[in-house]
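Student: I should like to go through the reasoning behind the terms used for this structure. May we begin once it is in view?

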Amino acid sequence: MAIFEDRDPDPGGMKAQERPERDVDRSERWSLWRPSAIIPLLACLPILAGFGGAIYLAQQTPDVDDLGRSLLAEATTVYTADGQILTKYYEENRNWVPLDSISENVIRALLVTEDERFYEHWGIDVQRTISAIFRTAGGDTQGGSTITMQLVRNVYPDIADDPDLLRKAKEWLTSLKIEYRYEKDEILELYLNTVPFLYNAYGIDAAGRTYFGQPAHKLGILESATLIGMLKGPTR
């Protein structure tokens, strides 16, 4: 009898009151799977997939730490004993010049025609890209490439072999990496020393000497405008 007397004869006592609380706790644990909670989770999946895809693509893009003069071929120049140029040997006719040895006329012409917000964006001009999409959709084909994105094409031509969407994604990611790694003036110097012209002239100095017989620092307004204008389509 003592054993049975120790039990709580009141089913509505404290222990009975605790059971509904435990049931509530159990329902809270499973509330994550209610439709109202699942929908936001499903909405996050594209974001997570996009983030994972960006990380994967970033690993497939080039290493930009070695981007620079050592990566590119230059012409070998042979001089006479009195310092006159005798001849050149090259696969790519390029004379690398620092940015401060390039005429301001060239730099201004480049920024005005190719990338007005160059010093404001991080490799991707969102405003220009959106504008280009709408104009192209309206029949007026426009490009949204920045100077940094064009630099990627000049230095890493293998990216151009990828399908359009994959190529564009790699260009964007590589541009972001370059902008993070290099200063704006360094990017300008890299670009102006890699742009291709006709007659195997690479870079603004080789182009100035080929077309006008002038080094990069002596190019005037009309000469600079002509050379920069050629970048839209050298063969035309």
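Student: What makes the contact between the side chains of Glu-179 and Lys-184 a salt bridge?

Tutor: The model is a predicted one. In it, the N to O distance between the side chains of Glu-179 and Lys-184 is 2.9 Å. A salt bridge requires a side-chain nitrogen of Lys or Arg within 4 Å of a carboxyl oxygen of Asp or Glu, so the pair qualifies. By this rule the count comes to 7 salt bridges.

Student: Why is Lys-184 called buried?

Tutor: Its relative accessible area is 14%, and buried means under 20%, so Lys-184 falls in that class. Its partner Glu-179, at 7%, is therefore buried by the cut-off as well. Lys-184 is one of the buried residues of α8, which also include Ile-187 and Leu-188. Among the elements covering these buried residues are α4 and α7.

Student: How do you know that α4 and α8 are roughly perpendicular to each other?

Tutor: Helix α4 (residues 104-114) and helix α8 (residues 184-192) pack at an angle of about 95 degrees, with their axes 12 Å apart. Angles of 65 to 115 degrees count as roughly perpendicular, and therefore the term applies to α4 and α8. On the α4 side, Val-106, Ile-107, Leu-110 and Leu-111 make the contact; α8 contributes Leu-188, Tyr-191 and Leu-192.

Student: What separates Arg-167 and Glu-171 along helix α7?

Tutor: They are 4 residues apart in helix α7, which means a separation of about one helical turn. Their side chains meet in a salt bridge, with 3.2 Å from N to O, and both residues are buried. Arg-167 and Glu-171 also belong to a network of salt bridges with Arg-153 and Lys-168.

Student: Arg-209 and Asp-205 also meet in a salt bridge, at 2.8 Å. Into which accessibility class does each of them fall?

Tutor: Arg-209 has a relative accessibility of 42%, which lies between the 20% and 50% cut-offs, so Arg-209 is partly exposed. Asp-205, at 3%, is under 20% and therefore buried. Both lie in helix α9, 4 residues apart.

Student: Why is Phe-134 called exposed?

Tutor: Exposed means over 50% relative accessible area; Phe-134 has 64%, so the term applies. Phe-134 is found in helix α5 (residues 126-137). Together with Val-126, Ile-130 and Ile-133, Phe-134 forms a nonpolar patch on the surface, with about 440 Å² of accessible area in total.

Definitions and conventions: Residues numbered from 1 in each chain as written. Predicted model: local features only at pLDDT ≥ 70, side-chain atom pairs only at ≥ 80, totals over all residues. Heavy atoms only, no water. Patch = residues over 30% accessible without salt bridge, like charges linked within 9 Å, V, L, I, M, F, W, Y side chains within 5 Å. Areas by Shrake-Rupley, 256 points an atom, 1.4 Å probe, with all protein chains shown as cover. Helix = DSSP H or I, 4+ residues; strand = E, 2+ residues; numbered from the N terminus. Buried < 20%, exposed > 50% of the residue type's maximum accessible area, 1.4 Å probe, protein only. Axes fitted to C-alpha atoms, helices over the stretch in contact; angles between N-to-C directions. Parallel < 35°, antiparallel > 145°, perpendicular 65-115°, else oblique. Contact = heavy atoms within 4.5 Å.
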